[in-house]
Amino acid sequence: MFFLYFIFINKWTDAIIAIDETGTIISANKGACTLFEYNKNELIGNSINKLMPKHVASNHDNYLQQFVHSARQIKSILGKVRKLRGVKSSGASFPMELSRK
């Protein structure tokens with residue numbers, strides 16, 4: 001089974017979210033709940049896309065499928081930090097950094 005852990009880094013806390021190969025959130029730590037302002041039950045079982053701006057989320061499923069099926073692509077992004085925007089439960093966006101492990 002495929003699992004991908006996202007670590008969202010900000011100056012207050014580290015948020016760790018695990019997704020499966022379809023982008024469904026299977027695990028989220030307290031830092032993730034705090035950062036995105038959701039309780040754990042609101043995250044687990046939902047798409048990781050709910051934490052992204054709409055213009056990013058609309059392409060994410062295709063990107064994820066390409067990523068899952070390409071070992072070369074997996075190696076190219078693991079451990080790298082990317083600056084992007086997240087979306088809180090209120091709809092407010094905020095800057096963050098993403099590291100994939």
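Here a biologist and a modeller talk through a predicted model of one protein chain.

Biologist: What makes strands β2 and β3 count as paired?

Modeller: Two strands pair if DSSP finds at least two bridges between them. Strand β2 (residues 14-19) and strand β3 (residues 25-28) have three bridges in the antiparallel sense, so they meet that cut-off. You can look up one of the partners yourself: I17 is bridged to A28 in β3.

Biologist: And what lies between β2 and β3 in the hairpin?

Modeller: Five residues separate the two strands. In the turn, G23 has a positive phi of about 90°.

Biologist: Why is the run at residues 40-43 called a helix?

Modeller: A helix needs at least four residues in a DSSP run of H or I. Helix α2 covers residues 40-43, so it satisfies that minimum. Altogether the chain has four helices and five strands, and their order along the sequence is β-β-β-α-α-α-α-β-β.

Biologist: How do you know which elements the predictor trusts?

Modeller: pLDDT is the confidence in each residue, from 0 to 100. Helix α2 has the highest confidence at 96, while strand β1 (residues 4-9) has the lowest, with a mean of 54. Local features need a pLDDT of at least 70, and 72% of the residues score at least that. The chain averages 79.

Biologist: What makes a residue count as buried, and how many are?

Modeller: Buried means under 20% relative accessible area. By that rule, 39% of the 101 residues are buried. As for the accessible surface, about 6,100 Å² in total, 54% belongs to carbon and sulfur atoms.

How values were computed:
Residues are numbered from 1 along each chain as its sequence is written. This is a predicted model: local features need pLDDT of at least 70, side-chain atom pairs count only at pLDDT 80 or more; totals for chains, interfaces and linings use all residues. Side-chain values use heavy atoms; hydrogens and water are left out. Buried means under 20% relative accessible area, exposed over 50%, partly exposed in between (1.4 Å probe, protein chains only). Accessible areas come from the Shrake-Rupley method with a 1.4 Å probe; for residues, only the protein chains shown count as cover.
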